[in-house]
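Subject: Structure handover

Dear colleague,

I am passing on the structure we spoke about, with a short account of what was found in it. Please read the notes below alongside the sequence and the coordinates.

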Amino acid sequence: MTSTDSSAILPAELEDLVALFDVEQSDAPTPDAEREAALAEPRFGTVFTDHMARITWRRDTGWLDRRIEKYGPLQLDPATAVLHYAQEIFEGMKAYKHADGSVWTFRPDANAARFARSAHRLALPALSVDDFIGSIAALVRTDRAWVPSGEDSSLYLRPFMFASEAFLGVRPAAEVEYLCIASPVGPYFAGGVRPVSIWVAEDYHRSGPGGTGDAKCGGNYAASLLPQTQAQENGCDQVCFLDATTNSYLEELGGMNVFVVMADGSVHTPELTGSILEGVTRSSILQLASDRGRDVVERRIPLAELVAGLADGSVREVFACGTAAVITPVGRLAGGTFDHTVGDGEPGDLTMQIRTELTDIQYGRAADRHGWMRRLA
Ligand code: COI
């Protein structure tokens with residue numbers, strides 16, 4: 001049922017993969033007191049650890065120079081291809097500290113597989129699953145002291161790859177950099193888990209048929225920023241996009257997939273049509289809901305049906321999900337011609353049950369019955 005099948009691409013021994021990375025320790029690490037202060041109240045994506053992982057690709061040599069180096073600015077020629085044509089992809093992952101101090105990540109093989117699919121779509125070179133997971137483990141081991149232990153806190157990992165060749169011709173770059181940076185984070189939304197409001201954009205789309213909607217590339221997120229601003233101008237927290245062909249079916253939010261829970265208990269999410277990101281959290285929720293005996297349905301969901309269902313009570317809960325936001329209840333859905341509270345506006349029961357179940361697995365408080373967790377350090 002879940003379409004992210006990871007079993008076939010598990011990498012070789014992690015120790016061997018980590019050993020491929022040369023570690024050059026920072027000559028100016030963050031003082032302990034400063035780091036502890038940052039870890040005490042981490043906000044999303046504002047503070048970064050002392051190191052970053054890096055691998056360089058040249059068309060004539062392939063991937064080389066695997067290293068962990070001091071975190072710092074990149075020096076780029078103004079003609080660097082990514083600055084002009086946005087040949088770039090990224091991933092979002094987290095490292096979680098368990099009660100015994102060990103550090104784990106969640107389904108890294110699924111992120112590695114999606115990174116490879118995104119690379120293919122953006123005409124970037126494939127990075128092997130081994131290098132992807134090895135880079136993350138090497139970075140987390142080097143910056144282990146940066147993994148926070150507070151509730152709902154984690155070390156957010158941001159692997160990314162971009163065209164680094166200085167060249168203004170429009171063709172796939174012959175030089176590419178892969179990096180992974182890390183940032184201690186708390187909840188994605190300030191104020192923790194609270195229902196967010198959603199504005200449905202009817203004038204803009206984030207992607208269309210044959211576009212890059214199912215690739216995790218910066219351009220998709222750039223396309224979401226103006227509609228996201230309009231959502232805020234209309235008093236909402238987040239934007240939700242419709243399909244570009246008919247402007248009538250739900251797709252996804254600016255950076256999250258969306259789910260609908262019906263009064264009959266079934267759990268629905270937009271099917272993967274090629275213009276929706278195949279979220280790792282999305283596929284995990286489908287599994288957990290199915291484990292609970294719920295009917296899970298991946299289908300095209302008409303906006304009109306959702307709006308009518310909110311009005312007549314046949315839609316009980318709506319929630320959004322992603323690595324950064326985990327599972328976020330939706331309390332209100334609005335657009336040009338409608339404005340509805342979801343249920344009583346409070347987080348839905350199933351939303352919160354699945355959120356707890358998922359985070360209990362991630363933080364090692366519940367059995368990992370699907371073999372999703374992988375120890376990094
Ligand atoms: C994530 O959920 O990790 C993402 O990459 C989405 C982004 C909006 C933070």
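Which residue has a polar side-chain atom 2.5 Å from an oxygen atom of the ligand? In this model, which is a predicted one, that residue is Tyr156. Two further approaches to ligand oxygen come from the protein backbone: a backbone N or O atom of Ala324 lies 2.8 Å from an oxygen atom of the ligand, and for Thr323 the corresponding distance, again from a backbone N or O atom, is 3.2 Å. Taken alone, the ligand exposes 280 Å², of which the protein buries 88%.

As to the surroundings, the ligand sits in the largest pocket, and the residues around the ligand are Phe90, Gly92, Tyr156, Arg158, Tyr188, Lys216, Gly255, Gly322, Thr323 and Ala324. By class, this shell divides into four nonpolar, four polar and two charged residues.

The placement of the ligand can also be described in terms of the domains, since the protein is divided into domain 1 (12-189 + 364-375) and domain 2 (196-346). Both domain 1 and domain 2 give residues to the shell around the ligand, and the ligand therefore lies between them. The centres of domain 1 and domain 2, taken over C-alpha atoms, are separated by 27 Å, while 23 residues of domain 1 are in contact with 25 residues of domain 2.

With kind regards

Methods
Residues are numbered from 1 along each chain as its sequence is written. This is a predicted model: local features need pLDDT of at least 70, side-chain atom pairs count only at pLDDT 80 or more; totals for chains, interfaces and linings use all residues. Side-chain values use heavy atoms; hydrogens and water are left out. A residue is near a molecule or strand if one of its heavy atoms lies within 4 Å of it. A polar contact is a pair of N or O atoms within 3.5 Å; within protein, one must be able to donate a hydrogen and the other to accept it, and residues adjacent in sequence count only if both atoms are side-chain atoms. Accessible areas come from the Shrake-Rupley method with a 1.4 Å probe; for residues, only the protein chains shown count as cover. On a 1 Å grid over the protein atoms alone, a cavity is a set of points where a 1.4 Å probe fits but cannot get out, and a pocket is an open set with protein on both sides within 12 Å along at least five of seven lines; lining residues have an atom within 4 Å of a point. A molecule sits in a cavity or pocket if more than half of its atoms lie within 2 Å of its grid points. Ala, Val, Leu, Ile, Met, Phe, Trp, Tyr, Cys and Pro count as nonpolar, Asp, Glu, Lys and Arg as charged, and the others, Gly among them, as polar. Domain bounds come from an automatic or database domain assignment. Contact means heavy atoms within 4.5 Å.
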